Amino acid sequence: VQLQASGGGLVQAGGSLRLSCANAGRTNYAMGWFRQAPGKQREFVAGITWNWGTTVYVDSVKGRFTISRDKAKRMVYLQMNSLDTEDTAVYYCAARNGDITPETSGYAYWGQGTQVTVSS
């Protein structure tokens with residue numbers, strides 16, 4: 001499974017970005033978006049089950065970010081609204097065979113990462 005993340009960029013605080021992850025999803029897989037800020041550990045942001053579209057979010061992005069999938073295109077998206085400087089990080093998409101987990105070690109497949117920079 002070769003994932004390809006894209007869509008990052010520079011945006012002002014309060015703005016929006018949509019990240020995309022190509023070649024995503026298989027039956028019974030869960031897809032996740034993670035992020036890693038400089039000097040910090042990689043953290044779970046959001047996840048979605050491929051079969052049913054069940055979603056999970058970290059508290060800090062609830063109400064601002066939306067994860068979705070397009071099964072026909074095998075794409076996963078992360079719509080990010082009301083961005084804050086604290087959201088600045090490299091964002092990664094990841095996949096695993098099984099249910100959503102926030103544990104980085106639970107995902108076997110990773111995309112290359114896309115930089116999101118939010119300016120004040």
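**Aromatic cluster, disulfide and strand pairing**

Trp110 is partly exposed, with a relative accessible area of 25%. In this predicted model, the ring of Trp110 forms an edge-to-face aromatic pair with Tyr107, with 6.3 Å from centre to centre and 65 degrees between the planes. Tyr107, in contrast to the partly exposed Trp110, has a relative accessibility of 5% and therefore counts as buried, the limit being 20%. The count of aromatic pairs in the structure comes to 6. One of them joins Phe34 to Tyr107, again in an edge-to-face arrangement, at 5.1 Å centre to centre and with an angle of 75 degrees between the planes. Because Phe34 belongs to strand 4 and Tyr107 to the loop between strand 9 and strand 10 (109-110), this pair ties together parts that are 73 residues apart in sequence. Phe34 and Tyr107 are both buried. Ring pairs further connect Phe34, Phe44, Tyr92, Tyr107 and Trp110 into a cluster.

Strand 4, which spans residues 29-36, pairs with strand 5 in the antiparallel sense over 6 bridges. Within this pairing, Arg35 has Glu43 of strand 5 as its bridge partner. The hairpin made by strand 4 and strand 5 has 6 residues between the strands, and Gly39 takes a positive phi near 80 degrees there. Strand 5, covering residues 43-49, is mostly covered, as 6 of its 7 residues are buried. Strand 5 also pairs with strand 6 (residues 55-57), antiparallel and over 3 bridges. Here Ile48 has Thr55 of strand 6 as its bridge partner. Strand 5 and strand 6 likewise form a hairpin, with 5 residues between them, and Gly53 in the turn has a positive phi of about 75 degrees.

Two residues of this region, Ala30 and Thr49, were examined through their contacts. Ala30 lies in strand 4 and, with a relative accessibility of 0%, counts as buried. With neighbours within four places in sequence left aside, Ala30 is in contact with Ile48, Thr49, Ala94, Ala95, Arg96, Gly98, Asp99, Ile100 and Tyr107. The contacts of Ala30 thus include Tyr107, a residue that also belongs to the aromatic cluster. The C-alpha atom of Ala30 is separated by 9.0 Å from that of Gly53, and the two residues are 23 residues apart along the chain.

Thr49 is part of strand 5 and counts as buried at a relative accessibility of 10%. A polar atom of the Thr49 side chain lies 2.9 Å from the backbone nitrogen of Thr54. When residues up to four places away in sequence are not counted, Thr49 touches Tyr29, Ala30, Thr54, Arg69, Asp99 and Ile100. Asp99 and Ile100 are also among the residues in contact with Ala30.

A search of the whole structure finds 1 disulfide. This disulfide is formed by Cys21 and Cys93, whose sulfur atoms are 2.2 Å apart. The torsion about the S-S bond is about 65 degrees, so the disulfide is right-handed. Cys21 is located in strand 3 (residues 17-22) and Cys93 in strand 9 (residues 89-97), so the pair ties together parts that are 72 residues apart in sequence. Cys21 counts as buried at 0% relative accessibility, and Cys93 counts as buried at 1%.

Strand 3, the strand that holds Cys21, also takes part in an open sheet of 4 strands with the order 1-3-8-7 and antiparallel pairing. The edge strands of this sheet are strand 1 (4-6) and strand 7 (65-70), each of which pairs on one side only. Neighbouring strands of the sheet are turned against each other by 15 degrees on average, direction ignored. Strand 7 is joined to strand 8 (residues 75-80) by 6 bridges, and the two run antiparallel. In this pairing, Phe65 stands opposite Met80 of strand 8.

Methods:
Residues numbered from 1 in each chain as written. Predicted model: local features only at pLDDT ≥ 70, side-chain atom pairs only at ≥ 80, totals over all residues. Heavy atoms only, no water. Buried < 20%, exposed > 50% of the residue type's maximum accessible area, 1.4 Å probe, protein only. Polar contact = N/O pair within 3.5 Å; in protein donor to acceptor, adjacent residues only side chain to side chain. Contact = heavy atoms within 4.5 Å. Pairing = 2+ DSSP bridges. Axes fitted to C-alpha atoms, helices over the stretch in contact; angles between N-to-C directions. Disulfide = S-S within 2.5 Å. Phe/Tyr/Trp six-rings, centres within 6.5 Å; stacked < 30°, edge-to-face > 60°.
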